Amino acid sequence: MATSDSLRYTRIPTHESGTIPAVGFGTLIPDPVVTKEATKAALEAGFRHLDCAERYRNEAAVGDALQEAFKARKLQRQDLFVTTKLWNTNHRPERVKPAFDASRRRLQLDEIDCYIMHTPFAFQPGDEQDPRDEHGRVIYDSGVTLVETWHALERLVDEGHCKSIGLSDITLEKLREIVAVARIRPAMVQVESHPYLPEWELLDFCREHGIVLQAFAALGHAMKPNVLADPVITAIAERLHKTPAQIALAWAVQRGTAFLTTSTNPGRIQENFDISAMPEDAMREMREQITTSIRFNTVVETGVPGFIPRAG
């Protein structure tokens, strides 16, 4: 289904005069060996934006895939936009730079294009990524504020090796707080968004401030109700000779957001890259006729990602 179309190569400008590739590949894959192969397949398909995280425990596998591609001269570092994330247990300012440097070492990269706060929630600092009390409840850290952590991220940009910073799993209310006090504004905000959770108000705020809104779970994460089985989307897909996934992803880019998809299947990875522009009437149908509204991941309330698969 590959067609020649510029939509897949869209880059979205940010307030600091940079651009971010709209089409992104997420590396939330529990097995490091599978992660490496999927990352290689994504690069072969044409993805140039990779989303990583300390919490995924597989940055080293992504780094190995990148180094193989560099050594084979299939691409150069400047061709890529690589994001990784600060985990909740490292929100205290003195822990931010060591966590950032550790991610750089695992990814085998001198520079990170965007370093994102994985959630706005601080957990008890330490090596245990998911600290719990005797009742199984998350142990939060009341000794640090979101703003203090943000200022520590700003210092990473000052010191070099970190080109831009951002936030994930943030509500509009919390984003407003950061933008109001930020010396360096977020370049990107990563939130759950798909046709059942369009986040129009947040998108409008991001546009106003030169922030890229990046949608994770852009296909609904195969949860029910199934976004890809929506009758509006399937009808458009049939009419345009595309898959429902390609319609949902084209919608994401055409309305001005970036997106992330994750797959370990090379054919599916290629399909998710091979998007092309839809006519305006299809965009209008999706906005006006899709009435289902649902959030699949409650991370914005707890700080605990709900989409992290367990290995084994």
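These notebook entries record what I looked up in the structure.

**Entry 1. The model**

I note at the outset that this is a predicted model.

**Entry 2. The nonpolar core**

I began with the interior. The largest nonpolar core holds 94 residues. I listed those with the most contacts inside this core: Tyr-115, Leu-153, Leu-175, Phe-259, Met-278 and Met-286. I then looked up which element supplies the largest share, and found helix α8, residues 244-254, with eight residues. As general background, nonpolar side chains tend to be buried together in soluble globular proteins.

I followed one of these core residues further. Setting aside residues up to four places away in sequence, I found that Met-286 touches Pro-195, Val-232, Ile-233, Ile-236, Ile-247, Trp-251 and Met-278. Met-278, one of these partners, is itself listed among the core residues with the most contacts.

**Entry 3. The cysteines**

I next asked how many disulfides the model has. The count comes to zero. For reference, a disulfide is a covalent bond between the sulfur atoms of two cysteines.

Why does Cys-114 form no such bond? Its closest cysteine sulfur is in Cys-162, 7.0 Å away, and this is too far for a bond. The cut-off I applied is 2.5 Å between the sulfur atoms. Looking from the other side, I found that the closest cysteine sulfur to Cys-162 is that of Cys-114, again at 7.0 Å.

I also checked whether these two cysteines are buried or exposed. Cys-114 is buried, with a relative accessible area of 0%. Cys-162 is buried as well, at 4%.

**Entry 4. The cavity**

I searched for enclosed space. The whole structure has one cavity of 30 Å³ or more, and the volume of the largest cavity is about 30 Å³. Its lining consists of Lys-97, Phe-100, Asp-101, Arg-104, Glu-159, Gly-160 and His-161. Helix α3, residues 93-107, gives the most to this lining, with four residues. I sorted the lining of the largest cavity by class and obtained one nonpolar, two polar and four charged residues.

**Entry 5. The largest pocket**

I turned to open space. The largest pocket encloses about 620 Å³. I recorded 30 lining residues, of which Ala-217, His-221, Leu-260, Thr-261 and Thr-262 are the closest to the centre. Two elements give two or more residues to the lining, namely β10 (258-261) and α9 (266-273). Helix α9 gives the most, with three residues. By class, the lining of the largest pocket divides into 14 nonpolar, eleven polar and five charged residues.

**Entry 6. Residues at the centre of the largest pocket**

I looked more closely at three of the residues closest to the centre of this pocket: Ala-217, His-221 and Thr-261.

Ala-217 lies in the loop between β9 and α7. Its phi is near 55°, a positive value in a residue other than glycine. Ala-217 is buried, with a relative accessible area of 9%.

His-221 is placed in the loop between β9 and α7. Although it is not a glycine, His-221 has a positive phi of about 60°. I found His-221 to be partly exposed, with 38% relative accessibility.

Thr-261 belongs to strand β10. Its relative accessibility is 5%, and Thr-261 therefore counts as buried, the limit being under 20%. I listed its contacts, leaving aside neighbours within four places in sequence: Gly-24, Phe-25, Gly-26, Phe-47, Leu-219, Leu-249 and Asn-272.

**Entry 7. The cis peptide bond**

Which residues does a cis peptide bond join? I found this bond between Lys-224 and Pro-225, with omega at about 0°. Pro-225 lies in the loop between β9 (212-216) and α7 (231-240). That loop also holds Ala-217 and His-221, the residues with positive phi described in the previous entry.

**Entry 8. The second largest pocket**

I closed with the second largest pocket, which has a volume of about 240 Å³. Its lining has 15 residues, and those closest to its centre are Arg-77, Leu-80, Phe-81, Asp-113 and Lys-163. Sorting the lining of the second largest pocket by class, I counted three nonpolar, four polar and eight charged residues.

Definitions and conventions
Residues are numbered from 1 along each chain as its sequence is written. This is a predicted model: local features need pLDDT of at least 70, side-chain atom pairs count only at pLDDT 80 or more; totals for chains, interfaces and linings use all residues. Side-chain values use heavy atoms; hydrogens and water are left out. A nonpolar core is a set of buried Ala, Val, Leu, Ile, Met, Phe, Trp, Tyr and Cys residues joined through side-chain atoms within 4.5 Å. Buried means under 20% relative accessible area, exposed over 50%, partly exposed in between (1.4 Å probe, protein chains only). Contact means heavy atoms within 4.5 Å. On a 1 Å grid over the protein atoms alone, a cavity is a set of points where a 1.4 Å probe fits but cannot get out, and a pocket is an open set with protein on both sides within 12 Å along at least five of seven lines; lining residues have an atom within 4 Å of a point. Grid points are joined across faces, edges and corners, and a volume is the space filled by probe spheres set on the points. Ala, Val, Leu, Ile, Met, Phe, Trp, Tyr, Cys and Pro count as nonpolar, Asp, Glu, Lys and Arg as charged, and the others, Gly among them, as polar.
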